[in-house]
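Colleague: I should like to learn how to read a structural model in an orderly way. May we work through one together, feature by feature?

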Amino acid sequence: MSRTLAKISEIEAEMARTQKNKATAHHLGLLKARLAKLQRELITRKGVGGGGPGEGFDVAKTGDARIGFVGFPSVGKSTLLSNLAGVYSEVAAYEFTTLTTVPGVIRYKGAKIQVLDLPGIIEGAKDGKGRGRQSELDAETVKSILAEYKIHNADVTLRSDATADDLIDVVEGNRVYIPCIYVLNKIGQISIEELDIIYKVPHCVPISAHHRWNFDDLLEKIWDYLKLVRIYTKPKGQLPDYTSPVVLPYSRTTVEDFCTKIHKNLIKE
């Protein structure tokens, strides 16, 4: 693993030294492909201990939905989990405190939402170069990226102004895109004017995890993005039970989905 980390650092350093323009797009695309392969190798730990998968972040799913806190070390994820869900995760003012996934549960609007405090993301994922608006893919860059994956004969169709990162994501084949909210922590350290500007940024919620400021807005935004539906059951001859709804994803609201949520054998009966 140490060799892989060293290679990742070397590629990151080379990318940082390389000025970004059309002349270097081909070279940067190749570096990004190599970086993606090494990061995958780091996560799966290929060639270590018999080549089996690494520890990963797998946690048994509970509740009606789950969300994950993804970010760099020491930005307040553990504090946020602790104050939102009442779950203790070791917190300190230095990097990489959380080394395993810490689960918690939030109860909101009758739903149980599982929250996962993931370890600080690995070095290298911070590189945001190449996700801008400019066109950066040309035929040579595409060929070099595919060659890195030993793909030498393929039809490539681009349905948008894709970047090298987009192409690499598709080739890797293990990327799943899900809704994201940017939680901007430590608002106690900025001015009211700056806070007003942040509030206008799409998909963002400014908070203070330590002071528990603006948690209401965060929870409401989470609820909106999860797209959950509450179904209230009504026993015959009684009033509906508004305290314990059956919660389903917006895309799965058939009678069969409802029955399966209550009990897997109910639909057979």
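Colleague: Leaving aside its neighbours within four places in sequence, with which residues is Ile207 in contact?

Modeller: Please bear in mind that this is a predicted model. Beyond its neighbours within four places, Ile207 is in contact with Leu80, Val183, Leu184, Asn185, Lys186, Ile187, Trp213, Asn214, Phe215 and Leu218.

Colleague: Which residues have the most contacts inside the largest nonpolar core?

Modeller: The general idea is that a nonpolar core is a set of buried nonpolar residues joined through side-chain atoms within 4.5 Å. Here the largest such core has 23 residues, and those with the most contacts inside it are Phe69, Leu80, Leu84, Ile106, Ile207 and Leu218. Two or more residues each are given to this core by β1, α3 (77–85), β2, β3 and α7 (215–226). The largest share, five residues, comes from α7. There is also a second, separate core of eleven residues, which includes Ala36, Val142, Leu146 and Ala162.

Colleague: Let us turn to the sheet. In what order do the strands lie?

Modeller: Strands of a sheet pair through backbone hydrogen bonds, either parallel or antiparallel. In this model three strands form an open sheet in the order β1-β3-β2, with mixed pairing. Since β1 and β2 stand at the edges, each with a single partner strand, one side of each is left without a neighbour in the sheet. From one strand to the next, the twist averages 25°.

Colleague: In which sense does each pair run, parallel or antiparallel?

Modeller: Strand β1 (residues 65–69) pairs with β3 in the parallel sense over five bridges, and in this pairing Arg66 stands opposite Gln114. Strand β2 (residues 102–108) runs antiparallel to β3, and seven bridges join the two. To trace the register of β2 against β3, one may follow three positions: Val102 stands opposite Asp117, Gly104 opposite Val115, and Val105 opposite Gln114. Gln114 therefore serves as a useful point of reference, standing opposite Arg66 on one hand and Val105 on the other.Colleague: What lies between β2 and β3?

Modeller: The two strands form a hairpin with two residues between them. In the turn, Lys109 has a positive phi of about 55°.

Colleague: How many residues of β3 are buried, and which face of β2 is covered?

Modeller: For a strand, one asks which residues are covered and which are not. Strand β3 (residues 111–117) is mostly covered, with six of its seven residues buried. In β2, the covered face consists of Val102, Gly104, Ile106 and Tyr108, whereas Pro103, Val105 and Arg107 make up the uncovered face.

Colleague: Which strands do the helices α3 and α7 touch?

Modeller: Helix α3 lies across β1, β2 and β3, running at about 40° to β2. Helix α7 packs on the sheet and touches β1, β2 and β3, its direction making about 90° with that of β2.

Colleague: I should now like to consider charged side chains. How many salt bridges does the structure hold?

Modeller: The structure holds seven salt bridges. In reading each one, it is helpful to ask where the partners lie in the chain and how far they are covered. Arg40 forms a salt bridge with Glu172, the closest N and O atoms being 2.4 Å apart. This pair links distant parts of the chain, 132 residues apart: Arg40 is in helix α2 (residues 25–44) and Glu172 in helix α5 (residues 164–172).

Colleague: Are Arg40 and Glu172 buried or partly exposed?

Modeller: Arg40 has 24% relative accessibility, so this residue counts as partly exposed. Glu172 is buried, with a relative accessible area of 11%.

Colleague: Which residue does Asp64 meet in a salt bridge?

Modeller: The side chain of Asp64 meets that of Lys261, at 2.7 Å from N to O. Asp64 belongs to the loop between α2 and β1, while Lys261 is in helix α8 (residues 255–262), 197 residues apart from Asp64. Asp64 is buried, at a relative accessible area of 18%, and Lys261 is partly exposed, at 36%.

Colleague: Where do the salt-bridge partners Glu140 and Lys143 lie?

Modeller: Both lie in helix α4 (residues 139–148), three residues apart, about one turn of the helix. Their side chains meet at 3.7 Å, N to O. Glu140 counts as partly exposed at 46% relative accessibility, whereas Lys143 is exposed, with a relative accessible area of 52%.

Colleague: Which residues are linked in a network of salt bridges?

Modeller: Arg34, Lys37 and Glu148 are linked in such a network.

How values were computed. Residues are numbered from 1 along each chain as its sequence is written. This is a predicted model: local features need pLDDT of at least 70, side-chain atom pairs count only at pLDDT 80 or more; totals for chains, interfaces and linings use all residues. Side-chain values use heavy atoms; hydrogens and water are left out. Buried means under 20% relative accessible area, exposed over 50%, partly exposed in between (1.4 Å probe, protein chains only). Helices (H or I, at least four residues) and strands (E, at least two) are DSSP runs, numbered from the N terminus. Two strands pair if DSSP finds at least two bridges between them. Contact means heavy atoms within 4.5 Å. Axes are lines fitted to C-alpha atoms, for helices over the stretch in contact, and angles run from 0 to 180 degrees between N-to-C directions. A salt bridge is a side-chain nitrogen of Lys or Arg within 4 Å of a carboxyl oxygen of Asp or Glu.
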